[in-house]
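The following exercises concern a predicted model. Each task is followed by a solution in steps.

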Amino acid sequence: MMEPKRRIWLARPQTDEAEIDEIRGVLESGYLTQGPKVVEFEGLVADRVGVAHAFATTSATTALHLTLAALGIGPGDEVLVPDFTFPATANVVVQQGAVPVLVDVELSTFAIDPDDLARRITSRTRAVIPVHPFGLPADMDPIMEVAASGGLAVVEDAACALGAEYRGRPVGSIGTAGCFSFHPRKSITTGEGGMIATSDGPLAARIRLLRSHGGVREGGRFTFEDAGFNYRMSDILAAVGVAQFRKLDEMLRLRRAVAALYDRALEGVAGVTTPNCPPESTHTYQSYVVLLDEGIDRDRVIVELAAAGIETTLGTYALHAQPFFSRSYGLSPGDLPSSYRAFMSSLALPLHAGITSSEVEEVVGSLKAALRSA
């Protein structure tokens, strides 16, 4: 049997001639990597986030990894990471030879639980990586208090959250550093790409050194002061980022409008809890993730919606239930109960700036039908 043609996409980047024009300019310049467009893109993001320094990288994953390396995180150290997140958040800790200590989340927001965070600090804890899940800021005030009490660095995983604010402060500017993603599922994209934002001068100097092979350029040659990385963004991707950045506010406006349509259409629908946005925060709605009631087979809902031509997926992963983390750290599915519940019951519905109100109605109608059978 042939699969039905997908009619409503989960996510779709919005591009036009502006990106093509910017890329053409780079190609005509002959300056293709780590050039003036990277500098321009970094400046735009730094100004928006309200930090002194921004560093473009190849992805949000390499942004996180570079930040941990610049902080000197290494073997014997522990880093606190929310359990309900994409594995990259914890993988970068492992890649530094440190131990990711997984922390449960709050089901109302999917963000790290500050109380569980405080309980898991030890003498080896060096940093915490709070994730802003799906574009909703984590509750940063208590997180920062816990971190300050333990002398911990705070690296915001703001992959989904460029343009979100917490108590009037842009995410990515609250902790020691913040890391953003420009993957195609994000509000704006470079295809692949990331960015580190920080106002910490010594950390910025270390990031600058390590991002480009650990070399300092003087007199037309490098002196290599450390064993660094090649995590530089190309000017071609930065050109896409510059064009996309000009559309950021409009993309956020459209995403929030679609989310409001879903909120209204799903009000009172049995078995579905819609996303919560506390009044102190603004949400980017990188994804619109609902929580289904226990007893509803989320995976069957995904299959039934796919049969109707609607692409959906799970929210994200409970790391402690994934084979690597379970095997490496002696964990079993359900050890972090709220995260595991979110992993088993969260559902991301189609949301992008190009979705129409009639498509939202179709998604919700198909979801109701799928819930009846699931």
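**Exercise 1.** Determine whether Cys179 is buried or exposed, and decide whether its sulfur can take part in a disulfide.

*Solution.* Step 1. The relative accessible area of Cys179 is 0%. Buried means under 20%, so Cys179 is buried.

Step 2. The closest cysteine sulfur to that of Cys179 belongs to Cys160, at 13 Å. A disulfide requires sulfur atoms within 2.5 Å, so this distance is too far for a bond.

Step 3. Cys160 has a relative accessible area of 18% and is therefore buried. For the sulfur of Cys160, the closest cysteine sulfur is in Cys179, 13 Å away, which again is too far for a bond.

Step 4. In agreement with these steps, a search of the whole structure finds zero disulfides.

**Exercise 2.** Describe the surroundings of Thr57: in which strand is Thr57 found, and is the residue buried or exposed?

*Solution.* Step 1. Thr57 belongs to strand 1, which covers residues 53-57.

Step 2. The relative accessibility of Thr57 is 0%, so the residue counts as buried.

Step 3. A polar atom of the Thr57 side chain lies 2.8 Å from the backbone oxygen of Ser59. A polar contact needs a distance within 3.5 Å, and the 2.8 Å found here meets that limit.

Step 4. Leaving aside residues up to four places away in sequence, Thr57 touches Thr62, Ala63, Leu66, Gly193, Gly194, Met195, Ile196, Tyr231 and Met233.

**Exercise 3.** Classify the ring pair of Phe84 and Phe134, then the ring pair of Phe110 and Phe134.

*Solution.* Step 1. The structure holds 14 aromatic pairs. In one of them, the ring centres of Phe84 and Phe134 are 6.2 Å apart and the planes stand at 70 degrees; planes over 60 degrees apart count as edge-to-face, so this pair is edge-to-face.

Step 2. This pair links distant parts of the chain, 50 residues apart. Phe84 sits in the loop between strand 2 (78-82) and helix 4 (88-95), while Phe134 sits in the loop between strand 4 (125-128) and helix 6 (140-150). Phe84 and Phe134 are both buried.

Step 3. The ring centres of Phe110 and Phe134 are 5.8 Å apart, with planes at 90 degrees, so this pair is also edge-to-face. Phe110 lies in the loop between strand 3 (99-103) and helix 5 (114-119), 24 residues from Phe134. Phe110 is buried, as is Phe134.

**Exercise 4.** Which residues form one aromatic cluster with Phe86?

*Solution.* The cluster joins Phe86 with Tyr317, Tyr340 and Phe343.

Conventions. Residues are numbered from 1 along each chain as its sequence is written. This is a predicted model: local features need pLDDT of at least 70, side-chain atom pairs count only at pLDDT 80 or more; totals for chains, interfaces and linings use all residues. Side-chain values use heavy atoms; hydrogens and water are left out. Helices (H or I, at least four residues) and strands (E, at least two) are DSSP runs, numbered from the N terminus. Buried means under 20% relative accessible area, exposed over 50%, partly exposed in between (1.4 Å probe, protein chains only). A polar contact is a pair of N or O atoms within 3.5 Å; within protein, one must be able to donate a hydrogen and the other to accept it, and residues adjacent in sequence count only if both atoms are side-chain atoms. Contact means heavy atoms within 4.5 Å. Rings of Phe, Tyr and Trp (its six-membered ring) pair if their centres lie within 6.5 Å; planes under 30 degrees apart count as stacked, over 60 as edge-to-face and the rest as tilted.
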